[in-house]
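Visitor: Could you take me slowly through one part of this model, the place where the two chains meet, and then show me how the strands around it are arranged? I am in my first year, so please name each piece as you come to it.

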Amino acid sequence: MLPLLETSDLATRLLQQCANGVAKGSVYALVAVGYTRVYGVLQLINFAHSDVYMLGAYFSYYPAKWLGYMPEGAEKPKVPFYVLGLAFLFAVSACAATGMLIERLAYRPLRNASRLSALITAIGVSILLQNVGQMVFGADPKSFPRYMDQESVALGPIAVADTSLVIIVVAAAMVGALHLFVQRTRTGAAMRACSHDMRTAGLMGVNVNATVSLTFALGSAMAAVGGMLIAMDQPRLTPTMGLLAGLKAFVAAVLGGIGSIPGAALGGLLLGVAESMVGAWNTTYADAVAFVVLVVVLLVKPSGILGKSGREKV
Amino acid sequence: MSDAPATLLDLKDVNVFYGAIHALRGVSLEVRQGEVVTLIGANGAGKTTTLAAICGLLKPRSGEIRYGGESIVGAAAHTLVGRGLVMAPEGRGIFPALTVQENLLLGAYSRRDKPGIARDLQRGFDIFPRLAERRSQKGGTLSGGEQQMLAIARALMAQPRLLLLDEPSLGLAPLVVQTIFATVDAINREGVTILLVEQNAHVALKHSHRAYVLESGQIQFSGASAALRNDPRVKAAYLGEGT
């Protein structure tokens, strides 16, 4: 993200790192909600989710590249906002479709198989998508066109990149909307019912297969938004970019309490901030933070911050 | 006898397997419009399996299941709810993380008529005032009896023509069992046909018109419930009155 401001004031520096961390964490949160919803419904860690995030980055990159233009005297192409909107719609719908397709082809036939089979299949799908990505997109890093002036906005004593603000606002809006959808709508109630007991949900007239498909579509759409935001902010796209981001988002979901959307959001933000803090002190350790957090959470509170421990009595 | 009510549910020679286990062996039974029919039998006799086959949770290997004159073999459970074939499952199947009201509204999932749903929600609260008191409480916090009330009220939200009740007395105190079965009677008087599965043969025979006795996946005998209560075979095996 942004380099540190030239200031010796420790509090300001911490605040600055917090802001950077929140932007980073917002993307983790977007990806984490997909892990958490799918786990909630199928008790499956969908390892291919991180590659849907990668696809989201590419699916937004190509429309932006093709529809962007080269401004007079500039070195990099630029894209107007309506193109970003189109790229957003394309990435979201293509990833939602991909997510549904993965579920239909890879996971549904294993619905009643052991959880380990499904888990191994998920890893297989992930590897497949990475390799297809290399074939189709090429292994060389791609760079997203400029869409903003990439200036920083002063917020009190700290400076936040305008792109970071976009990330935070978009991510908060998307995660909030998903949470409301799941908590307040009839379809959302059906999703929650399926995550407790698919059989009984079916007896209520809920089409379980359609509900699972929708879960994948929504989770994948969120990952697509995350992929697009990160592509716009750190323009370096590779077919394996999902690997580390996906693992971290998964840790965020576990930290917040797997199954819970507010938990995923909270976990993402905490992890992002922790990473930025450690990164400010020593960048080489930043990537390790997530895994230390994972180990600690699993040791101390495996159900996560907002997760429910165990099953309620029936 | 000539103007007997129409048959609503008709099972003919239904066979169900769990892998190599032959769980239902040629089960045939019928439920006529307006009846309460009970299926009694010991643990593992195949009662729940019979209900699962009827409501689409299990596919029989052979045999015919007709509901309202149409074959429903192979129809998915969720498609039958909209046709009025509704089950309140064994163990009650309450969604613990959803509130009482959310549980009830899920029962009406296949309906679109908002005013009708609101009316039936109120009716459920009228039948079981306890549920009204706890409407915004999580389902998982209810007592066993309250959960059974919720399960029945929730099934009613789907406007059943045929209500399948699986072990509604399971694990409940005798007084609560009485309340539940008084409601079953009342629901039937309102015109809902009921197929009741019970281990508690005493209660089941008292609150039904006809009964089938299931043993090891086969119907052993059947008849009017009042008659079966005095049948020595039933008395010995299910009512605990040795002869």
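**Strands and the meeting of two chains**

Guide: Let us begin with a hairpin in chain A, keeping in mind that the whole model is predicted. Strand E1 of chain A, residues 152–155, and strand E2 of chain A, residues 158–161, run antiparallel and are joined by 4 bridges. One of these pairings can be followed by eye, since A:Val153 has A:Val160 in E2(A) as its bridge partner. Between the two strands of this hairpin there are 2 residues, and A:Gly156 takes a positive phi near 65° there.

From the hairpin we can turn to the place you asked about, where 21 residues of chain A are in contact with 27 residues of chain B. The two chains bury about 2200 Å² between them, and 62% of that area is on carbon and sulfur atoms. On the side of chain A, the residues that lose the most area to chain B are A:Arg186, A:Leu203 and A:Met204, which together account for 34% of what that side buries.

The count of salt bridges between chain A and chain B is 1, and the partners are B:Glu102 and A:Arg192, whose closest N and O atoms are 2.9 Å apart. For polar contacts between the two chains, the count is 2 residue pairs, with both residues at pLDDT 80 or more. Two helices of chain A, H6 (186–196) and H7 (198–203), each supply at least two residues of the side that touches chain B. Of the elements on that side, H6(A) gives the most, with 7 residues. Sorted by class, the side of chain A that touches chain B has 8 nonpolar, 7 polar and 6 charged residues.

Now we can look at the strands of chain B, beginning with an open sheet of 4 strands in the order E2-E1-E4-E5, where the pairing is antiparallel. Its edge strands are E2 (21–32) and E5 (70–71) of chain B, each of which pairs on one side only. Within this sheet, strand E1 of chain B (residues 7–18) is joined to strand E4 of chain B (residues 62–67) by 5 bridges, and B:Leu9 has B:Tyr67 as its bridge partner in E4(B). Helix H1 of chain B, residues 47–54, lies across E1, E2 and E4 of chain B and runs at about 115° to E1(B).

Chain B also has an open sheet of 6 strands, in the order E6-E7-E8-E3-E9-E10, and here the pairing is mixed. Strand E6 (85–88) and strand E10 (218–224) of chain B stand at the edges with a single partner strand each, so one side of each is left without a neighbour in the sheet. From one strand to the next, the twist averages 15°. For a parallel pair in chain B, look at strand E3 (residues 36–41) and strand E8 (residues 193–198), which pair over 5 bridges; there, B:Val37 has B:Leu195 of E8(B) as its bridge partner.

Notes:
Residues numbered from 1 in each chain as written. Chains lettered and ligands numbered in written order. Predicted model: local features only at pLDDT ≥ 70, side-chain atom pairs only at ≥ 80, totals over all residues. Heavy atoms only, no water. Contact = heavy atoms within 4.5 Å. Buried area = accessible area lost by both parts, 1.4 Å probe. Salt bridge = Lys/Arg side-chain N within 4 Å of Asp/Glu carboxyl O. Polar contact = N/O pair within 3.5 Å; in protein donor to acceptor, adjacent residues only side chain to side chain. Nonpolar A, V, L, I, M, F, W, Y, C, P; charged D, E, K, R; others polar. Pairing = 2+ DSSP bridges. Axes fitted to C-alpha atoms, helices over the stretch in contact; angles between N-to-C directions.
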